[in-house]
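Open your viewer, switch to a cartoon view, and keep the selection box handy. We will go stop by stop, with something to click on at each one.

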Amino acid sequence: MKNHTFDEQIRQTQEKIRAHAHLSRQKSFFAYVWFFVRKASVFRYWQKGLAYFRRFRLIAVSLRIASAVLAFLETGALVILTTAVFLIVLPFLGALMLGMLITALLEFRRTDRHLLQLSEGKGVYVLFMTDAPSAFFAQNVASLAEKGIVLIVSPHLILSHGIVKGQFYCTARQECKNVYLIRRYYFFHLKKYILPLRSTAMLY
């Protein structure tokens, strides 16, 4: 049993390394997203979406209430209500994502200037964080931060989770001295315009 568990951990680690290596090789965020759109099925995306929204307590409560109400509705009414919900929710989510994108684009140059100034004469280390970073990952970050600037690529598109608790951010957020948490879409911008100007090492 222990050998099986260890082998499974090795397999998962290797899969994460391959995924992070693939991320670093993509030319743009949209190319990265398109790869997974082609690779994954609609059902898998739906499952991931449900799991993501269940993290929010308010949404989870709303879903339970909605499920109880829908149980008393006829089939025709259910179709009409579902259509109405999608017509309301989808534009709202679209507007939210558009607002985030515009805000991020406005912040790009300011964040670029800050990171360029901060990394002058220093090495830059790029790490890829998982959903649940381990204590070893945090220790590795702290060790590298003593040598140069550490950029942690977040796996989250909206959530603000990092190695420490912090506020919401669009491009980058300082975790501690010499350590910054960055969004994936901003990583591709850095990879094209900023990282070539610095001595950079990507650690998977």
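How many of the residues of H7 are buried? Select helix H7, residues 184–193, and you will find a mostly covered helix, with 7 of its 10 residues buried. Here buried means under 20% relative accessible area, exposed means over 50%, and partly exposed lies in between, using a 1.4 Å probe and protein chains only. Colour Arg184, Tyr185, Tyr186, Phe187, Phe188, His189 and Leu190 to see the buried residues of H7. Helices (H or I, at least four residues) and strands (E, at least two) are DSSP runs, numbered from the N terminus.

A word on what is on screen: this is a predicted model, in which local features need pLDDT of at least 70 and side-chain atom pairs count only at pLDDT 80 or more, while totals for chains, interfaces and linings use all residues. Residues are numbered from 1 along each chain as its sequence is written, and side-chain values use heavy atoms, with hydrogens and water left out.

**The whole chain**

Zoom out for a moment. The chain has 7 helices and 5 strands, and from the N terminus the elements run α-α-α-α-α-β-α-β-β-β-α-β. Of its 204 residues, 28% count as buried. Contact means heavy atoms within 4.5 Å; among contacts in the chain with a separation of 6 or more, 67% are between residues 24 or more positions apart.

**The strands**

Next, select S1 (123–128) and S2 (148–153). These two run parallel and are joined by 6 bridges; two strands pair if DSSP finds at least two bridges between them. Add helix H6 (residues 135–145), and you have a right-handed β-α-β unit made of S1, H6 and S2. Right-handed means that, with the strands pointing away from you, the path from the first strand over the helix to the second runs clockwise.

Now add S4 (179–182). S2 and S4 also run parallel, joined by 4 bridges. To follow the pairing across, click Ile152: Leu127 stands opposite Ile152 in S2, and Ile152 stands opposite Leu181 in S4. S2 is largely enclosed by the rest of the structure, because 6 of its 6 residues are buried.

Stay in S1 and pick Tyr125, which counts as buried because its relative accessible area is 18%. Draw a distance from its C-alpha atom to that of Val150: the two are 25 residues apart along the chain and separated by 4.8 Å. Beyond four places in sequence, Tyr125 touches residues including Leu144, Lys147, Ala201 and Leu203.

**The nonpolar cores**

Which residues have the most contacts inside the largest nonpolar core? Select Val126, Leu151, Ile182, Tyr186, Phe187, Leu190 and Leu195, in a core of 19 residues. H5, S1, S2, S4 and H7 each give two or more residues to this core, and H7 gives the most, with 5. Apart from this core lies another, of 12 residues, among them Tyr125, Leu127, Phe137 and Val150. A nonpolar core is a set of buried Ala, Val, Leu, Ile, Met, Phe, Trp, Tyr and Cys residues joined through side-chain atoms within 4.5 Å. In soluble globular proteins, nonpolar side chains tend to be buried together.

Show the surroundings of Tyr186 too: not counting residues up to four places away in sequence, Tyr186 touches Phe108, Thr111, Asp112, Leu115, Thr171 and Ala172.

**Two loop residues and a strand residue**

Select Ser119, in the loop between H5 (75–118) and S1. Ser119 counts as buried because its relative accessibility is 3%. Leaving aside neighbours within four places in sequence, Ser119 is in contact with Val124, Ile149 and Arg198.

Hop to Ile149 in S2, which counts as buried because its relative accessibility is 2%. Beyond four places in sequence, its contacts include Leu118, Ser119, Tyr125 and Asn178.

That leads to Asn178, in the loop between S3 (172–176) and S4. Asn178 has a positive phi of about 65° although it is not a glycine. Most residues other than glycine have a negative phi.

**Last stop**

What lines the largest cavity? Select Leu115, Ser119, Val124, Ile149, Leu151, Leu190, Ile194, Leu195 and Arg198. The volume of this cavity is about 60 Å³.

Methods. On a 1 Å grid over the protein atoms alone, a cavity is a set of points where a 1.4 Å probe fits but cannot get out, and a pocket is an open set with protein on both sides within 12 Å along at least five of seven lines; lining residues have an atom within 4 Å of a point. Grid points are joined across faces, edges and corners, and a volume is the space filled by probe spheres set on the points.
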